[in-house]
Amino acid sequence: MDSLADEVLKDPFFRKNTVPAVMKTDIREREDGYLLDIELPGFKKEEIKMELEDGYLTIAAAHTASSEERSEQGKLVRQERVSGSCTRTYFIGEEMNVEDIKARYENGELKVFVPKKDPQIMQTKKTISID
């Protein structure tokens, strides 16, 4: 039988949460674009959402888990719920379309490819005339 101290230290409050507070990201430049390697351990593919709006790529992940223990008589002895979420936004350029971006998730890592746009297509400055 575990001691009281062992039981207390098993409590989720005292152990590391499985949901990351910040998405650790590595960004690599390639000839044809950028590759983002984003760590999301503990999440399922269905729990991750990506959106593109006004040149900003937002990646959000939300996770909920619960556990329940019952005595031999079926009485509830302990019930815990753990949930967490994280969101991160990257500016990738207003000229990007959803169709341009490719993503794959496996083994707790989200890989996102953002192609480089032709410099001739990109608008660098917008001028507003004054009447």
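The following exercises, each with a worked solution, concern the predicted model shown above.

Residues are numbered from 1 along each chain as its sequence is written, and side-chain values use heavy atoms, with hydrogens and water left out. In this predicted model, local features need pLDDT of at least 70 and side-chain atom pairs count only at pLDDT 80 or more, while totals for chains, interfaces and linings use all residues.

**Exercise 1. Overall architecture**

State how many helices and strands the chain has, and in which pattern they follow one another.

Solution. Helices (H or I, at least four residues) and strands (E, at least two) are taken as DSSP runs, numbered from the N terminus. On this basis the chain has one helix and seven strands. Read along the sequence, these elements give the pattern α-β-β-β-β-β-β-β. Of the 131 residues in the chain, 25% are buried; buried means under 20% relative accessible area, exposed over 50%, and partly exposed in between (1.4 Å probe, protein chains only). Among contacts (heavy atoms within 4.5 Å) between residues at least 6 apart in sequence, 52% join residues at least 24 apart.

**Exercise 2. The four-stranded sheet**

Determine the strand order of the open sheet of four strands, and identify its edge strands.

Solution. Two strands pair if DSSP finds at least two bridges between them. The order in this open sheet is β1-β2-β7-β6, with antiparallel pairing. The edge strands, each of which pairs on one side only, are β1 (25–29) and β6 (102–106). From one strand to the next, the twist averages 15°; axes are lines fitted to C-alpha atoms, for helices over the stretch in contact, and angles run from 0 to 180 degrees between N-to-C directions. Antiparallel strands β2 and β7 are joined by seven bridges, and Ile 38 has Leu 110 in β7 as its bridge partner.

**Exercise 3. The nonpolar core**

Identify the residues of the largest nonpolar core that touch the most other members.

Solution. A nonpolar core is a set of buried Ala, Val, Leu, Ile, Met, Phe, Trp, Tyr and Cys residues joined through side-chain atoms within 4.5 Å. The largest such core has 18 residues, of which Ile 38, Leu 40, Ile 48, Ile 59, Leu 110 and Val 112 touch the most other members. Two or more residues come from each of β2, β4 (56–70), β5 (76–91) and β7 (109–115). Beyond its neighbours within four places in sequence, Ile 59 is in contact with residues including Ile 38, Ile 48, Leu 110 and Val 112, as well as Met 23 and Cys 86.

**Exercise 4. Positive phi in two loops**

Locate Asp 54 and Asn 107, and say whether each is buried or exposed.

Solution. Asp 54 lies in the loop between β3 and β4, antiparallel strands joined by six bridges. The bridge partner of Glu 53 in β4 is Tyr 56. This hairpin has two residues between its strands, and Asp 54 takes a positive phi near 55° there. Asp 54 is exposed, with a relative accessible area of 59%. Asn 107, in the loop between β6 and β7, also has a positive phi near 55° in a residue other than glycine. Asn 107 is exposed, with a relative accessible area of 80%.

**Exercise 5. A buried acidic residue**

Describe the surroundings of Glu 47.

Solution. Glu 47 is placed in the loop between β2 (33–39) and β3 (48–53). Lys and Arg count as positive and Asp and Glu as negative, while His and the chain ends are not counted. Glu 47 is buried yet lacks a salt bridge, that is, a side-chain nitrogen of Lys or Arg within 4 Å of a carboxyl oxygen of Asp or Glu. The nearest side chain of opposite charge, Lys 44, is 5.1 Å away. Leaving aside neighbours within four places in sequence, Glu 47 is in contact with Gly 42, Ala 60, Ala 61, Ala 62, His 63 and Thr 64.
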